[in-house]
Every structure is written in C-alpha cells, then in structure tokens.
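Colleague: Got a minute to go through this one with me? Put it up and I'll fire away.

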Amino acid sequence: MQSDRLVAETSLLRVRQEISKTDIEILNLGNSQASEVAAALRETQLQLNEVTSKANTAVQLLHDTEVTAPALLALRERAERAKPIFKIVRTTDSGSQELTAEETTPIEPGDTVKIDIPAPPSGLAALPVEDDVQAGTVSVQGTN
C-alpha cells in the first residue's frame, strides 16, 4: 500500500514536471514566433521606406518634367527674344553725352556704343510653385 502510494506520488511529480516543461516550451515558442514577426515587420518597414523614397523621387522628377523644364524653356525663349537697347556715348566740348540709338543710327569717330540686353527674371524664382506631393511612412514600435 505504501509502495503504491509512493509510486503514485512519484508519477504525479513526473507529470507535474512534464506539464512545467510543456508550459516552458509553449512560452518559448510564443516568444520565438513574436521575434520572427517583429523581424519580418522591421524588414517590411525598411522596404516600405525604400519604396516611399523612390516614390518621392519619381514625384519630383515628374514635377521637373511637367513644370520646371517648360518654365525654363519659356525663360530661355524670352531671353532669346529680348531686344537689345543701343546707346551711344559721344564726347563733346561740354562733356560726354549718352544718346539712345537704333540699329541704323550713324556713329561718329570717337563714339562708344553700349548695348544693354534686358535680362529675364533670374533663376528659378520665376517658376510656378506647386504644392509638394510626398508619400508618407509609418513608424513601427517593437513588440518585445
């Protein structure tokens, strides 16, 4: 009877030990799975950030081709069509005089011809401004 009791207690202790081992394995598997999911989430976030960066670059390139390039071409055309302004600096007994001239105005010996070409609005300041379009990212916090 006592030996049966000892065998039963020993069996009970072994079962409890196996239950504890199983509980530990369940926890380890849950932690392992959570770590794998977190690593996959980080990798996906990196890929998303890369795609977002590429999308922003594509948006900027589209903006350049649709807005900036035509505006720069228009500025160049305006500069090419700019009419020069001719002036003659003529020295007289009373000093030098600056006279407005045309292409056909006669020039005398000793005259200096000044030609001014009006500049179009400088740089990109004359370009139209559009709202920035950008893709967004979402930061992800770790789960462990």
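Colleague: How many bridges join β1 to β2, and which way do the two run?

Modeller: Seven bridges join β1 to β2, and the two run antiparallel. Two strands count as paired if DSSP finds at least two bridges between them. Before we go on: this is a predicted model, where local features need pLDDT of at least 70, side-chain atom pairs count only at pLDDT 80 or more, and totals for chains, interfaces and linings use all residues. Residues are numbered from 1 along each chain as its sequence is written, and side-chain values use heavy atoms, with hydrogens and water left out.

Colleague: Fine. What joins β1 to β2 along the chain?

Modeller: A hairpin does, through two residues. Across that pair, phenylalanine 86 stands opposite alanine 101 in β2.

Colleague: And how many bridges join β1 to β3?

Modeller: Five, again with antiparallel strands; β1 covers residues 85–92. Isoleucine 88 has valine 113 of β3 as its bridge partner.

Colleague: What order do the strands take in the sheet?

Modeller: β2-β1-β3, in an open sheet of three strands with antiparallel pairing. The edges are β2 (95–101) and β3 (112–116), each pairing on one side only. On average, neighbouring strands are turned by 25° against each other, direction ignored. Axes there are lines fitted to C-alpha atoms (for helices, over the stretch in contact), and angles run from 0 to 180 degrees between N-to-C directions.

Colleague: What holds strands together in general?

Modeller: Strands of a sheet pair through backbone hydrogen bonds, either parallel or antiparallel.

Colleague: Which elements does the chain have, and in what order?

Modeller: From the N terminus on, α-β-β-β. That is one helix and three strands. Both are DSSP runs numbered from the N terminus: helices are H or I with at least four residues, strands E with at least two.

Colleague: Back to valine 113. Why does it count as partly exposed?

Modeller: Because its relative accessibility is 40%. Buried means under 20% relative accessible area, exposed over 50%, and partly exposed in between (1.4 Å probe, protein chains only).

Colleague: How much of the chain is buried?

Modeller: Of its 144 residues, 10% count as buried.

Colleague: Last topic, contacts. What share is long-range, joining residues at least 24 apart?

Modeller: 62% of the contacts between residues at least 6 apart in sequence. Contact means heavy atoms within 4.5 Å.
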